[in-house]
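Biologist: Could you take me through one part of this model in detail, please? I would like a close look at the place where the metals sit.

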Amino acid sequence: MLISTNRSPLDQVPAEALIVPTFEGDKEKRFGAADLAEAGEIAGKPLEITLLHHPAGLAARRVLLAGGGPAAKYDAAMARKLAGAAARFLKSKSLRNLAFALDPAHNNPDYARAVVEGAILADFDPARYQTGDTQKPIETFTVVPATPFAGFEEAVDRGRIVAEAQNFARQLVNEPANRLVPLGIADSARQMSREFGLECEVLERPQMKDLGMNALLGVAQGSDEPPVLIVIRYRPAAGARDVHLGLVGKGVTFDTGGISIKPAEGMEKMKYDMAGGASMIGAMQAIAQLKPSIPVTAFIPCVENMPGSRAQRPGDIVAAMSGKTIEVINTDAEGRLILADALVYARRQGCTHLVDAATLTGAIVVALGHLHAGLFSNDNAMRDRVLTSSKAEGERMWPMPLDDDYKDYLKSAFADLANVGGRWGGAVTAAYFLKEFAEETPWVHLDIAGTAWLDDEKPHMAKGPTGLPVRTLVRLATDWK
Ligand code: BES
Ligand code: MN
Ligand code: ZN
């Protein structure tokens with residue numbers, strides 16, 4: 001999709017459809033909205049959509065009135081949704097040259113950015129393997145300011161960079177496990193790094209053995225697919241050297257559960273168990289272009305969790321890279337095992353601050369549903385940084401507890417730690433397990449099991465991968481002071 005800007009007066013902007021936000025209780029209705037409002041046919045309700053043909057006096061061939069709800073509640077997150085819902089509607093009508101008119105009351109960089117993101121995210125097509133008559137992508141999306149303002153073009157550009165990165169992550173997540181194995185993720189990461197000028201290194205089994213990454217290797221040994229640890233480095237030309245942000249993402253290309261095998265029902269969804277890793281690769285693509293002042297390195301441990309004849313068994317004890325020993329009570333708690341070694345490796349590589357994202361537990365879905373990711377941290381300042389970024393980006397996260405008393409849940413009679421903590425508080429004990437490997441490094445863990453995948457399509461988003469938390473991660477890096 002080609003993103004552009006147009007500072008011409010609105011009536012001169014050409015488009016197959018011009019999207020115009022309308023609000024509840026709006027006095028001043030534009031472009032034929034007055035008659036419709038009087039007839040009670042539009043009210044400006046959230047995501048209400050009305051398409052008008054041949055709008056009088058406009059170069060655009062159609063106007064799409066898109067409800068923004070009450071103007072006072074119309075924030076950037078709502079603008080993103082509105083643009084997305086409008087774009088998906090128009091795309092379904094085979095209209096592919098669209099423009100968006102920022103309204104006078106919300107005419108600033110935040111909204112310009114958000115509507116671009118909404119349109120690009122709306123254009124994502126999760127059905128790439130359907131043959132036959134499929135929907136063509138949107139060709140152009142032009143943002144028109146109510147009146148020109150400083151930073152307009154930059155904001156539009158930033159929106160494009162971030163949303164394209166988010167779609168890149170979504171595309172990786174959406175690939176089925178037969179088409180995207182760990183080595184395939186490594187190829188994608190290498191290709192992206194080459195294109196955007198990042199350094200990419202891929203550790204393979206022999207190096208992992210030398211480094212003592214036995215927790216990761218234990219998970220990998222049940223599959224014929226070789227594991228990889230992908231490392232992607234961004235270094236600023238100049239700037240802070242005392243801070244080094246590490247982004248660690250779970251990359252399980254398929255999670256059968258291993259010997260502690262999962263039930264068949266719904267198992268097909270476990271192709272998205274690499275969503276955390278994909279979000280880190282996506283974030284790095286945007287970071288490469290937006291160039292924050294701090295170094296950022298992503299670490300993505302990738303494995304397939306299979307019950308092959310060499311698979312690890314319940315009761316096996318592995319020594320993780322840090323030296324801690326782990327009793328593998330349940331081979332389905334594999335994410336924490338691969339992340340344990342990746343977190344320790346990230347710290348040895350000099351990372352001073354860490355964020356991990358992982359589809360780690362079903363328990364976080366029980367706790368928070370599909371609206372908030374669970375946020376766990378060992379450091380209040382780091383937690384607040386991530387929460388601030390998440391709020392600004394409309395990617396909801398909720399702080400969860402991580403008191404030391406949870407340590408008891410992970411007791412093992414035979415090793416330093418068990419990899420599961422029993423029936424209760426599953427998301428917390430999983431996070432606590434990771435904390436044992438983050439140790440004293442300021443760290444945030446995001447459990448995205450409930451938020452990385454949308455089970456039912458929304459007006460503004462297709463069913464499937466959401467691309468969370470790419471935007472939060474990018475802002476965390478670019479806003480770092
Ligand atoms: N990948 C799953 C978590 C998951 C569940 C993600 C549902 C998305 C949707 C993870 O590896 C897992 O299997 N976790 C277990 C942990 C348990 C064995 C302690 C779980 O949540 O059941
Ligand atoms: Mn599992
Ligand atoms: Zn998993």
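Modeller: Happy to; here is the two-metal site, one ion at a time. This is a predicted model, where local features need pLDDT of at least 70, side-chain atom pairs count only at pLDDT 80 or more, and totals for chains, interfaces and linings use all residues. Residues are numbered from 1 along each chain as its sequence is written, chains are lettered from A and ligands numbered from 1 in written order, and side-chain values use heavy atoms, without hydrogens and water.

The manganese ion (ligand 2) takes its protein donors from Asp-255 (OD), Asp-332 (O and OD) and Glu-334 (OE), at 2.0 to 2.2 Å. Donors here are N, O and S atoms within 2.8 Å of the metal (3.2 Å for Na, K and Ca), and sites may look incomplete because water is not among the atoms. Along the chain, the manganese donor residues are spaced D-x76-D-x1-E.

For the zinc ion (ligand 3), the protein donors are Lys-250 (NZ), Asp-255 (OD), Asp-273 (OD) and Glu-334 (OE), 2.0 to 2.4 Å away. Their spacing reads K-x4-D-x17-D-x60-E. Asp-255 coordinates both metals, which lie 3.2 Å apart.

On geometry, the 6 donor atoms of zinc subtend angles of 78 to 173 degrees, so the arrangement is octahedral. Six donors earn that label if opposite ones are over 155 degrees apart and all others between 65 and 115; anything else is irregular. The manganese site, with 6 donor atoms and angles of 70 to 167 degrees, is irregular.

As for burial (under 20% relative accessible area is buried, over 50% exposed, in between partly exposed; 1.4 Å probe, protein chains only), Glu-334 is buried at 1%, Lys-250 at 2% and Asp-255 at 3%, while Asp-332 is partly exposed at 22%.

Definitions and conventions: Four donors count as tetrahedral if all angles lie between 85 and 135 degrees; four count as square planar and six as octahedral if opposite donors are over 155 degrees apart and all others between 65 and 115; anything else is irregular.
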